[in-house]
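Q: I should like a close look at a single part of this structure, with its surroundings described in one connected account. Please begin from the residue named below and work outwards.

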Amino acid sequence: MSITGKFLAQKWNVNSKHSLYKKEGNWYHIIEDFPGAYFDGNGYVIFDSKSEYDNNPYLQIGETVHVKNGISKMPNYIRVIEKGVNYWWVNQGRTWEHEYNGGFLWAPYKNSAGRPCWHWDTMDELQKGDYVFSYVRGQIVSVSKVKGPTYKSQKPKEFSDWSRDGRRCDVVYKIANTPIVIMDHLDTIKSFLPTEHSPLQKNGLANQIYLVQLNEELGEYLINFFDERTLFYDNAQIGQTEDVEQVILKDDGESKRRTITVVVTRVVRDTQLSKDIKRKYDYSCQICGLVIKTNTKSGKYAEAAHIKPLEKDGDDKENNIICLCPNHHTMLDYGSISINDDYTLLGADGELHTNHRINKDNLKYHRDNIYSKNEPH
Ligand SMILES: [Zn+2]
């Protein structure tokens with residue numbers, strides 16, 4: 001597709017009625033409608049009115065318009081920086097579970113000697129949409145997506161170290177279906193490591209740093225380990241609403257996109273019953289078998305999922321609860337998967353492995369009311 005002014009105006013959200021593009025930015029046709037704008041490959045100049053345009057000293061208006069040194073030299077030129085995705089690495093040994101549960105990253109402003117620390121200050125460079133890989137004890141266990149810029153926030157009450165004043169960044173964590181064991185991929189990873197500010201030593205052990213940016217090669221290598229379905233939901237943590245674009249395959253084989261709004265009504269409840277179920281399965285997901293190792297007392301992390309949601313009068317009883325990894329919990333709550341009476345899955349391959357009795361009425365409720373909601377009609 002060839003680039004046009006109209007295309008760039010849309011892409012960069014420029015409110016102009018007549019938009020013209022020339023790559024070099026040094027000559028254009030005359031603008032006929034205002035506000036109007038001239039674009040080059042990196043930015044644009046907008047003219048609010050015809051008189052502002054006609055009297056602009058940088059434009060030589062004849063049959064066409066000549067711009068002597070190109071529009072990029074004009075004082076009101078707006079340079080558009082198109083940002084790619086940035087990849088980051090965060091070392092979260094002891095804090096991963098708290099930060100995961102709260103959906104954030106946090107770092108103090110100063111160390112005990114009262115000095116700032118470069119690998120904490122990197123927090124302020126995080127931008128919406130960036131990916132942050134969580135390194136916990138030799139493995140990348142999750143990737144999180146940054147929701148917005150960092151803001152000032154006091155130390156979370158669960159943290160015992162560090163001074164009180166710090167900054168927080170809200171993120172959405174996505175758990176790896178299979179954690180990336182660094183030692184298994186060390187040769188490849190090593191070839192991507194920078195000489196300075198590297199998250200890992202050449203022997204694969206972590207450096208004592210919190211947050212560091214990765215180069216694109218390493219970031220793209222690591223992101224490939226994450227299932228696309230995992231990255232699909234942008235806010236699939238707790239208590240969120242979001243618009244999700246779905247690709248629907250129609251009967252004639254053509255696909256079309258549509259946007260649906262999904263409400264995430266997941267609330268982390270850890271009742272005794274939930275704990276019992278999780279222990280019964282030794283924190284292993286009943287669908288995929290994943291066990292997430294943590295530094296907590298139990299040493300493991302899983303979630304208790306209600307088949308018929310409590311919000312819909314589902315029972316807080318053993319026969320309505322299963323032990324799942326965060327991904328499968330999310331998929332179940334969103335209705336992207338459901339469970340048949342014979343425990344095979346709807347919407348995905350695989351089955352629920354269960355050795356406690358499940359209430360089939362609740363399975364039916366889930367299939368009819370939660371799963372089918374996201375089906376094309
Ligand atoms: Zn799972």
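Is Phe39 buried or exposed, and how many other C-beta atoms lie within 10 Å? Please also describe the strands around this residue.

A: The model is predicted, and the description below should be read accordingly.

Phe39 is buried, because 30 other C-beta atoms lie within 10 Å, and the cut-off for a buried residue is 20 or more. The residue belongs to strand β3, which covers residues 36-39. Leaving aside residues up to four places away in sequence, Phe39 touches Gly5, Leu8, Ser19, Leu20, Tyr21 and Tyr44. Some of these contacts can be placed in named strands. Ser19, Leu20 and Tyr21 fall within β1, which spans 18-21. Tyr44 falls within strand β4, which comprises residues 43-47. Towards the start of the chain, the C-alpha atoms of Phe39 and Lys6 are separated by 9.5 Å, although their positions lie 33 residues apart along the chain.

The next level is the sheet that contains β3. Four strands make up this open sheet, in the order β1-β3-β4-β7, and their pairing is mixed. The edges are occupied by β1 and β7; each has a single partner strand, so one side of each is left without a neighbour in the sheet. In the order of the sheet, β3 stands between β1 and β4.

The pairing of β3 with β4 is antiparallel and runs over 4 bridges. Within this pair, Gly36 is opposite Phe47 of β4. The two strands form a hairpin, with 3 residues between them. Strand β4 is itself largely enclosed by the rest of the structure, because 4 of its 5 residues are buried. On the way to the edge of the sheet, β4 also pairs with strand β7 (residues 78-79), again in the antiparallel sense, over 2 bridges. Here Gly43 stands opposite Arg79 in β7.

The approach to β3 along the chain also deserves attention. Pro35 lies in the loop between β2 and β3. A cis peptide bond joins Phe34 to Pro35, with omega at about -5°. Gly36, which stands opposite Phe47, is in strand β3, whose residues are 36-39.

On the other side of that loop, β2 belongs to an open sheet of 3 strands, arranged in the order β2-β6-β5 with antiparallel pairing. The edges of this sheet are β2 (27-28) and β5 (59-61); each has a single partner strand, so one side of each is left without a neighbour in the sheet. The partner of β2 is strand β6 (residues 65-67), and the two pair in the antiparallel sense over 2 bridges. In this pair Trp27 stands opposite His66 of β6.

Taken together, the picture around Phe39 is as follows. The residue is buried and sits in β3. Strand β3 pairs with β4, and β4 is largely enclosed because 4 of its 5 residues are buried. The loop between β2 and β3 holds Pro35, whose peptide bond with Phe34 is cis.

Definitions and conventions. Residues numbered from 1 in each chain as written. Predicted model: local features only at pLDDT ≥ 70, side-chain atom pairs only at ≥ 80, totals over all residues. Pairing = 2+ DSSP bridges. Buried ≥ 20, exposed ≤ 12 C-beta atoms within 10 Å, placed from the backbone. Contact = placed C-beta atoms within 7 Å.
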